[in-house]
Amino acid sequence: MTSENTQILLASRPDGKPRQDNFRIGHSAIPEPADGQVLLKIVYLSLDPYMRGRMNAGKSYARPVEIGDVMEGGTIARVVRSRHPDFAEGDFVLSHSGWQAYAVSDGAALRRLDPSAAPLSTALGVLGMPGFTAYSGLLTIGKPKAGETVVVAAASGAVGSAVGQIARIKGARAVGIAGGAAKCAFVRDELGFDAVIDHHAADFPEQLAAACPGGIDVYFENVGGHVWDAVFPLLNDFARIPVCGLIAQYNSRPGEQTGGDRLPLVMRDVLSKSLQIRGFIQREFVDQRPDFYREMAGWITSGQIRYREDIVDGLDNAPTAFIGLLEGHNFGKLVIRVADEN
């Protein structure tokens, strides 16, 4: 084992889109676990859009990463040294160790993983936070009914792909929105959505309307921007809109707004159509996790849920991969392979 820990640190706060110089590679000694602690070697690091908000100093639902601190993120790790009674060397665990090669944990937030039950990386995707976000947000807020139309943005991504497939399991019609021919083909042909629209198309609003002749009953919002503009006129009375993310706006500067003030129009339809718009953070539904793990594992085994991962090798490549994630360059759940599993 090397004697040095590599870390990706927040060097400065972005002004708009993140740049390479907002990150800095740091090196430190590998920490030694104390009594009741374990030393973790990071195997996989999850990259997710929410991390962009952690780079800002503004008030949010979670504390921002401070300048000079390790970028935060979910990880799969192997226990390489244990002074904790509940964990042995060689155990694989789900942790929140951030963008680094090694970390120490007291075990309180660790969940042991069985590498024979499913690929370890899925604990960061379809069987992890993104999958649970789709499950809890769609079923708790969206509440799709058989025969209804569910539309989801970023449909080829970790959250969106699960949303559409769960909607179909519940008997609803799934319409995906994705960017580019390859992603649209994946959503239609591999995931089995009923329809998929390329949001880059010049006539995107017209194509979306044609794919939703009866309007939209549930819209799972991951994007915002021009996708929301096309969806909004198609919402039916009593439509439910779980708001999971607004990736099109994450790189906006504070106070920056494009176009006119559309809030009066939105609020008018919220009232006249009895729309339910509900933002959420997946941890609000923590009591649903046992049901999620059981049902999602069963759906994957039966072939009702499929998934795709975009695995990038090397911790040093995390900043570039993350910047690309915010611009839609990834294809599937984005994961950094920090080290080999063995």
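**Close-up views of the predicted model**

**View 1. Helix 2 and helix 3 lie oblique to each other.** The model shown here and in the views below is predicted. The two helices, helix 2 (129–142) and helix 3 (residues 158–169), pack at an angle of about 45°. An angle from 35 to under 65 degrees counts as oblique, so the pair of helix 2 and helix 3 falls in that class. The axes of helix 2 and helix 3 are 8 Å apart, and helix 2 passes helix 3 in a right-handed crossing. On the side of helix 2, the contact is made by Pro 130, Thr 133, Ala 134, Tyr 135, Leu 138 and Leu 139. Helix 3 contributes Ala 158, Val 159, Ala 162, Val 163, Ile 166 and Ala 167.

**View 2. Helix 2 also packs against helix 8 (residues 289–302).** The angle between helix 2 and helix 8 is about 105°, with their axes 10 Å apart. Helix 2 and helix 8 are therefore roughly perpendicular to each other. Gly 131, Phe 132 and Tyr 135 make the contact from helix 2. The residues of helix 8 in this contact are Arg 289, Asp 291, Phe 292, Glu 295, Met 296 and Trp 299. Tyr 135 of helix 2 is listed in the contact with helix 3 and in the contact with helix 8.

**View 3. Lys 143 has a positive phi in the loop between helix 2 and strand 8.** Its phi is near 45°. Most residues other than glycine have a negative phi. Lys 143 has a relative accessible area of 51% and is exposed.

**View 4. Glu 148 and Arg 240 form a salt bridge between distant parts of the chain.** The side chains meet at 2.6 Å, N to O. Glu 148 sits in the loop between helix 2 and strand 8 (149–152), while Arg 240 belongs to strand 12 (residues 235–243). The two residues are 92 residues apart. Both Glu 148 and Arg 240 are buried.

**View 5. Phe 238 in strand 12 has a positive phi.** The value is about 65°, although Phe 238 is not a glycine. Phe 238 is exposed, with a relative accessible area of 57%.

**View 6. Arg 112 and Asp 91 meet in a salt bridge.** The side chains are joined at 3.3 Å, N to O. Arg 112 is in strand 7 (residues 111–113), and Asp 91 is in the loop between strand 4 (75–82) and strand 5 (92–95). The pair is 21 residues apart and links distant parts of the chain. Arg 112 is partly exposed, at a relative accessible area of 43%. Asp 91, at 19%, is buried, because the cut-off for burial is under 20% relative accessible area. The structure holds 16 salt bridges, and this view shows one of them.

**View 7. Arg 268 forms a salt bridge with Asp 269.** The closest N and O atoms of Arg 268 and Asp 269 are 3.3 Å apart. Which partner is buried and which is exposed? Arg 268 counts as exposed, at 53% relative accessibility. Asp 269 has a relative accessible area of 9% and is buried.

**View 8. Glu 221 is buried in the loop between strand 11 (216–220) and helix 6 (225–231).** The relative accessibility of Glu 221 is 2%. What does Glu 221 touch, not counting residues up to four places away in sequence? The residues touched include Ala 153 and Trp 228. Also touched are Ile 241, Pro 242, Val 243, Cys 244, Gly 245 and Leu 246.

**View 9. Cys 184, Cys 212 and Cys 244 are shown for a structure in which a search of the whole finds 0 disulfides.** Cys 184 is in no disulfide, and the nearest cysteine sulfur, that of Cys 212, is 14 Å away. Cys 184 counts as buried, at 7% relative accessibility. Why does Cys 244 have no bond to the closest cysteine sulfur? The sulfur of Cys 244 is 19 Å from that of Cys 212, which is too far for a bond. A disulfide needs two cysteine sulfur atoms within 2.5 Å. Cys 244 counts as partly exposed, at 25% relative accessibility, and is among the residues that Glu 221 touches.

Definitions and conventions
Residues are numbered from 1 along each chain as its sequence is written. This is a predicted model: local features need pLDDT of at least 70, side-chain atom pairs count only at pLDDT 80 or more; totals for chains, interfaces and linings use all residues. Side-chain values use heavy atoms; hydrogens and water are left out. A salt bridge is a side-chain nitrogen of Lys or Arg within 4 Å of a carboxyl oxygen of Asp or Glu. Helices (H or I, at least four residues) and strands (E, at least two) are DSSP runs, numbered from the N terminus. Buried means under 20% relative accessible area, exposed over 50%, partly exposed in between (1.4 Å probe, protein chains only). Axes are lines fitted to C-alpha atoms, for helices over the stretch in contact, and angles run from 0 to 180 degrees between N-to-C directions. Angles under 35 degrees count as roughly parallel, over 145 as roughly antiparallel, 65 to 115 as roughly perpendicular and the rest as oblique. A crossing is left-handed if the near helix is turned anticlockwise from the far one by less than a right angle, and right-handed if clockwise. Contact means heavy atoms within 4.5 Å.
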